[in-house]
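This report covers side-chain contacts, strand pairing and surface features. Salt bridges come first, followed by aromatic rings and the remaining elements.

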Amino acid sequence: MGPHGRDAARLATAAIATSLVLSLLAAGVWVSNHPVVAVSHGGADHGAVGDDGAAGPGGAGDGHQGAAAGGESAHGHADDGHGAGGHGAPLPPSYSGDWYTLYEAGGLTLSIGWWIDALTVLMFVVVTLIATCIHVYASGYMHDELHGVTDHEVTLADGHHLHRPGRFPRFFQALSLFCFSMLGIVIAGNLAMVFIFWELVGICSWFLIGFYFERRSASTAANKAFIVNRVGDFGMLIGLMALWGALGTLHFGDRVVPDDLGTPVNRQGLFSLVRPPARGHALTVPDGMVAAEAAADVAAIVRTGAGDPAATATAVAANVEGWRSRGLGRWLLFVAGVGIFCGCVGKSAQFPLFVWLPDAMEGPTPVSALVHSATMVAAGVYLVGRFYPVLTPDVLFVIAVIGAITLFIAATIALVANDIKRVLAYSTVSQLGYMMLALGVGGWAAGLFHLVTHAFFKSLLFLCSGSVIHACHTNDMRKMGGLLRPMPATAWTMLVGCLAIIGAGIPFVIGTSGYYSKDAILAQALSFANANPGRGWLFLAVAGGAFLTAFYMFRLWFMTFLGSPRDHHVAEHAHESPDVMVRPLLVLAVLAVVAGWTLPGGFGIANLIEQARPAGTGGTESSGYLFPGLTIPAEHESHVGAVHVTATLTAFATATAGVLLAAAMYWWKILSPGLVAGLFRPVYTFLANRWYVDELYDAVFVKPALALAGIASGADRGIIDRIIDGVAWCARRIAGIDAWIDRWVVDGLVDATADVTWNAGLELKKLQTGRLRQYVLFIALGTVALFVLVSFLYRTALAG
């Protein structure tokens, strides 16, 4: 389209910008119908912090609320109870339905549908807003693709570098499909639809990470991302099968469908089955899962039912409560939850499947910004948040542990990375660990709030890094330094991103967006540690992660923008990026600061998220099944004064310590990084080699798989191929004999018969002379001969 496909980019940008406008309109309509109100803590004692949020204008600090005042539900009623841990909050407003039914048989239905609540509306705005900024930025960053490109990283067999046509329109096509897929996940009304768009996101990431597919590193990274994610998806399929097989539905919400007689009946969705309104939305193992695990007892009842389905169903239903009290079905619910989480582990790059994300830096930087902030990696955290009502405390603890391990490993690797994009990549992995940990310890709103604020400042940081790479033509921070003067806009906006990600702010007064979301996570982790004294290490992981985050982010900024240029060749070519790249940085920098603020009256992202809190998930829940004594504390308890003050001061102290240490080493030069690395050489080497995770996977999975494939290939070539070749040789020999018999015996007989017939015909043909007198003579002779013969036979008969 257009000269070199430039119009394709304009069309894609116009499309996503239109989506942004429509998303903002939808958000306005939503808020006008479901006003976002200030948080009410229901009488919780907040001590010095107070109900009004001494944590400043951020809503995260305000935590628990009574959802949306005046909110209405498309599902029929507002329930006041949340079970044992209920808070008296009404049912969150939500709407669901189906556009198109793909398959329906019995009680099973696959459809394309929607689930819209405050979280859906918010995610639509976030995705389209960031995607619009990235589209605009990419139109400048990818300008080289407007014409033929000589790729100096690809050398052909003749020694020349690869020269190929530009792929400007192709890039924007994939980028648009990527955004469409993420929006599909956000609005999906059932898990089947989520899985379809989930895989579409995976395909798009393969396109974009492998955009420079002629480079071996890029094609390998794309394949690695695709394969690793399929490992997680295998677990997700198990979870889907467990849900569908036991419950017969993958819909989130209830549906009204006609029965066999055409009478409308209410068919419960996953949320109502796991948290039935009749039980005050308390977590309950669904009847289907109970009956599935009590299959032997059900079979016995069926055998004694004498073929009466109604009596059998009544007898089974009468026994369900007893089976449930024995704990039947809980394992199936656990497997379903962990299975769905496995898919999130792959998509959101959690331990042990995080290895693909740093390699994904092979794609263009706008892709990295989109993947790391608003689309692919956000999908896993979003799905955990959306699926939250179905997750048992046991599953949540597994999520918390995985998140803690992930954030610690990734943060330590980022300490020593020298590739500016890889530092941010490991930072993303670490921040995703933060979100998962928050969700796992009961911080539903805190985890999703950090997802939103992280989207703004992480996309800002990646676009800033792209601006640096665009100017310096290198990713290596060891060749940078002193870029503040030639690139002031990039430097200051990136500083804003660094401050946001470390949660900078004036304690209890005001701060950047990360200040509110990180404080909420630390507070919930501390609340969890208080409720579970033996598991307090989760809070230590969060606090330690805050220190590491501050250190590696300001190490990046100091090495890149301060001091003297380390490579004068790089410094001489450094320049500020064009306006089309700088303006999106300014927009995102503003959002990175204000996204966590709450306006007078209570409107803010945190309170909007709180409005969507699933029914029954706000209270304290305990589990004594897989993890005895485990308690998931109510999120509002983290806003109690003592907890929140401690968390805020801890976050401030750890972040400050990290910044000061980075300044001492890379700005003030008080400590020599080389000396520190030398003192801790084994640790430095261990971290520089990324905990040897790739090497471990290579030794445990890749090499054995290749060896097994080699053995299989050898067996195929040496045994199976030889057997097949031998059979083919025998078949050819037999076919040769058969051909000889056919040619010389069968064909010979047929040919001989034909020859005899042919020759007989030739002889008989001689009788056909065409002479009338000869024919008369033959008739006369024949008549005489016939007369003589008949006479002879007649006399012989009379004599006999």
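## Salt bridges

Glu 610 and Arg 613 are both buried. Their side chains form a salt bridge, with 2.5 Å from N to O. The model discussed here is predicted. Arg 613 also forms a salt bridge with Glu 635, and both of these residues are buried. This second pair connects distant parts of the chain, 22 residues apart. Arg 613 belongs to the loop between helix 22 (605-611) and strand 9 (621-623), while Glu 635 belongs to the loop between strand 10 (630-632) and helix 23.

Another salt bridge joins Arg 10 to Asp 7. Both residues lie in helix 1 (residues 6-33), three residues apart, about one turn of the helix. Arg 10 counts as exposed because its relative accessibility is 52%, whereas Asp 7 is partly exposed at 28%.

| Salt bridge | Closest N and O distance |
|---|---|
| Arg 10 and Asp 7 | 2.9 Å |
| Glu 610 and Arg 613 | 2.5 Å |
| Arg 613 and Glu 635 | 2.5 Å |

The whole structure holds 25 salt bridges. A network of them links Lys 224, Asp 359, Arg 422, Arg 690 and Asp 694.

## Aromatic rings

There are 27 aromatic pairs in the structure. One of them is the stacked pair of Trp 667 and Trp 668, with 5.6 Å centre to centre and 25° between the planes. Trp 667 has a relative accessibility of 45%, so this residue counts as partly exposed; Trp 668 is also partly exposed, at 45%. Ring pairs place both in a cluster with Trp 492, Phe 554, Trp 557, Phe 558 and Phe 561.

Met 665 lies in helix 23 (residues 641-666). At a relative accessible area of 6%, Met 665 is buried. Its C-alpha atom is separated by 10.0 Å from that of Phe 551, although the two residues are 114 residues apart along the chain.

Charged side chains also lie over ring faces. Arg 215 is placed over the face of Tyr 212, at 4.3 Å from the ring centre. Lys 518 lies over the face of Tyr 434, at 4.8 Å from the ring centre.

## Strands and surface

Strand 3 (residues 149-155) and strand 4 (residues 161-164) run antiparallel and are joined by four bridges. Asp 151 stands opposite Leu 162 in strand 4. The hairpin of these strands has five residues between them, and Gly 159 takes a positive phi near 90° there.

A nonpolar surface patch of about 810 Å² has eight members named as Ile 737, Trp 740, Ile 741, Trp 744, Val 745, Val 746, Leu 749 and Val 750. Val 750 is found in helix 26 (residues 693-765).

Notes
Residues are numbered from 1 along each chain as its sequence is written. This is a predicted model: local features need pLDDT of at least 70, side-chain atom pairs count only at pLDDT 80 or more; totals for chains, interfaces and linings use all residues. Side-chain values use heavy atoms; hydrogens and water are left out. Patches are made of residues with over 30% relative accessible area and no salt bridge: like charges are joined within 9 Å, nonpolar side chains (Val, Leu, Ile, Met, Phe, Trp, Tyr) within 5 Å. Accessible areas come from the Shrake-Rupley method with a 1.4 Å probe; for residues, only the protein chains shown count as cover. A salt bridge is a side-chain nitrogen of Lys or Arg within 4 Å of a carboxyl oxygen of Asp or Glu. Helices (H or I, at least four residues) and strands (E, at least two) are DSSP runs, numbered from the N terminus. Two strands pair if DSSP finds at least two bridges between them. Rings of Phe, Tyr and Trp (its six-membered ring) pair if their centres lie within 6.5 Å; planes under 30 degrees apart count as stacked, over 60 as edge-to-face and the rest as tilted. Buried means under 20% relative accessible area, exposed over 50%, partly exposed in between (1.4 Å probe, protein chains only). A charge sits over a ring if NZ of Lys or CZ of Arg is within 6 Å of the ring centre and within 35 degrees of the ring normal.
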